[in-house]
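Here is a short tour of one protein model. Keep the structure in view as you read.

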Amino acid sequence: MKRLLIALFCILSLPVFANEPAATQAEATDKEAFSPGEMILHHIGDAHEWHFATLGDEEHGTHLTLPLPVIAYQPTKGLSVFSSSNLAHGQAYNGLKLEHEHLVAEDGGKVYDFSITKNVASLLLSALILLLVFTAVARGYRKNHGGAPRGIQSFFEPIVVFIRDEVAKKSIGPKYERYMPYLLTIFFFIWFNNLLGLMPGAANLTGNIAVTMTLALLTLIITLASSNSNYWHHIFATPGVPKPLLLIMIPVELIGIVVKPFSLMIRLFANITAGHIVVLSFISLIFIFQSIFISPVTLAFGLFINVLELLVAILQAYIFTLLTAMYIGGAVEEHHDADYQMGGGDGADEAHVARAAH
Amino acid sequence: MDLITPNIGLIFWQLVIFLIVLFLLAKFAWKPILGSLKEREDSIESALRMADQAKLEMQQLKAGNEKLIAEARMERDKMMQEATQMANQLIEQAKSKATEEGSRMIMQAREAIQNEKQAALTEVKNTAAKLSIDIAERILRRELADSGSQQQLVDSYLKDVKLN
């Protein structure tokens, strides 16, 4: 199914790229020309303001945007904090301006951009939702002590139990309890943000490589921090491998340590971004063909992909959590005989597909 | 290329916010949730174990009761048997006593009858003797006028006496 979609997407994107030079040419003569590639990249990328909609045309219409704070650090000038509305329409403020959504100094100096961008705002929103939802669930347990779960508690309890029994216990083994808070947090963090990303006008947080990289790095740090001697013994003296072969095996295993979280990073990023690109591509069809008759196709395919993305949202959260649990399980395992193909095989395959999608 | 270039600001915020969320959720959500789940599972498990134990105890109790009932029944049977036996014995005893008494009374009666009979006979004998003596007196008064006849009589008497 995924391959089919990717193929479809590739076919659809071909004319897009082919059209691009034509579009830029047309832009010179006609401001109204539509460039789907630009529109899609703009939608899945980050921004310094939260743009919901534009009423009327680009030049004279009303932009419904939420300006967000810009926090920039310049080694020469120090910290500057101001509203992003000061940078609207390419204006410069405080020696800073936006160039393709990148904060740059007018004098060409180095700028460290710590702005509350659209993604950071969305991140804060999701953090708030997570805290509200799960403290409410925890309150349910306190109020309803020892009883059967009720309300929101009964919705999340099976998921929590599933993560505990099917993911943590099976992958990590007897030491699973220490890792439960992390596993539950990444699962719900990814799931909630995937769902938030599907909302119209929302940010594409889990489809941002910085976010997935941070999560994958945390998994790597936790895996390495909890690794025992068996884990390292397996890497530097793989049992049952002849001594000369170790010359090849040790680098391969060392690369494996990094490749595992790398695959986590790419998989989540590519799956979520690809989903957004496909949905946006179907929407772009209307503007490419400039015909209302294409809208049933857009509607049908767009709805289909959107519903599929709902499934992908929880599936990717589950896969990320499961693989994290497996990597941790491999690091804390006492008997090191069974664990190696668990994460590797499936992970490598997924990453391959993900790269193809990109 | 923009798409796959991680932004330092976003990494920073993601790290900070994620770690805060992780800390807060671990403290205020996951700990109580997992704790309650474990507690509930433990209580269910212990309840099941207790139910099993209660079932076993019940079975033991039932078996004990049955044993008790069987014992009681046996006891009752034994007591009934003993009672019957005793009653039979008593009846037997009473019967034999009655028979004894009866025969004793019969014996006494017989003895009394014998005594009465003896007394009656003695009386009859005495009366008869008296009567005979009277008769003899009278006869003698009449007869002894004649001395031969007297002799005759004495002889006959003597003969009689010898015969006696």
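## Confidence in the model

Chain A averages a pLDDT of 82, and 84% of its residues score at least 70. These scores belong to a predicted model. Confidence is not even along the chain. It peaks in α5(A), at 95, and is lowest in helix α10 (residues 340-357) of chain A, where the mean is 42.

Two stretches deserve caution. Over residues 8-31 of chain A the pLDDT is below 50, and this stretch has 14 contacts in the model beyond near neighbours in sequence. Residues 339-358 of chain A also stay under 50, and here the model has 30 contacts beyond four places in sequence.

## Overall build of chain A

What secondary structure does chain A contain? The chain has ten helices and seven strands. Of its 358 residues, 35% are buried. Now take the contacts with a separation of 6 or more: 61% of them in chain A join residues 24 or more positions apart.

The domain assignment splits chain A into domain 1 (53-116) and domain 2 (119-357). How far apart do the C-alpha centres of the two domains lie? For domain 1 and domain 2 of chain A, the distance is 33 Å.

## A three-stranded sheet

Look next at three strands of chain A. They form an open sheet in the order β4-β3-β7, and the pairing is antiparallel. β4 (78-83) and β7 of chain A stand at the edges with a single partner strand each, so one side of each has no neighbour in the sheet.

Strand β3 (residues 69-74) of chain A is joined to β4(A) by six bridges, and the two run antiparallel. One residue pair shows the link: A:Val70 has A:Phe82, in β4(A), as its bridge partner. β3(A) and β4(A) also form a hairpin, with three residues between them.

On the β7 side, two bridges join β3(A) to β7(A), again with the strands running antiparallel. Which residue of β7(A) is the bridge partner of A:Ala72? The partner is A:Asp113.

## Transmembrane regions from the record

An unreviewed UniProt entry lists residues 120-141, 179-199, 205-225, 245-262, 268-289 and 301-328 of chain A under "transmembrane region". The model lets us look at the fold of these spans.

Take two of them. Residues 268-289 of chain A are 100% helix and 0% strand, with end C-alpha atoms 32 Å apart. Residues 205-225 of chain A are 81% helix and 0% strand, and their end C-alpha atoms are 27 Å apart.

## Where chain A meets chain B

How many residues does each chain bring to the contact? Chain A gives 37 residues and chain B gives 30 residues. On the side of chain A that touches chain B, at least two residues each come from β7 (112-113), α3 (118-143), α4 (152-172), α5 (180-198) and α6 (209-226) of chain A. α3(A) gives the most to this side, with 13 residues.

What kinds of residue make up the side of chain A that touches chain B? They divide into 24 nonpolar, ten polar and three charged. Note that β7(A) appears twice in this report: it is an edge strand of the sheet, and it supplies residues to the side that touches chain B.

Terms used
Residues numbered from 1 in each chain as written. Chains lettered and ligands numbered in written order. Predicted model: local features only at pLDDT ≥ 70, side-chain atom pairs only at ≥ 80, totals over all residues. UniProt positions renumbered as here; feature names shortened; annotations may be inferred. Helix = DSSP H or I, 4+ residues; strand = E, 2+ residues; numbered from the N terminus. Contact = placed C-beta atoms within 7 Å. Nonpolar A, V, L, I, M, F, W, Y, C, P; charged D, E, K, R; others polar. Pairing = 2+ DSSP bridges. Domains from an automatic or database assignment. pLDDT = per-residue confidence, 0-100. Buried ≥ 20, exposed ≤ 12 C-beta atoms within 10 Å, placed from the backbone.
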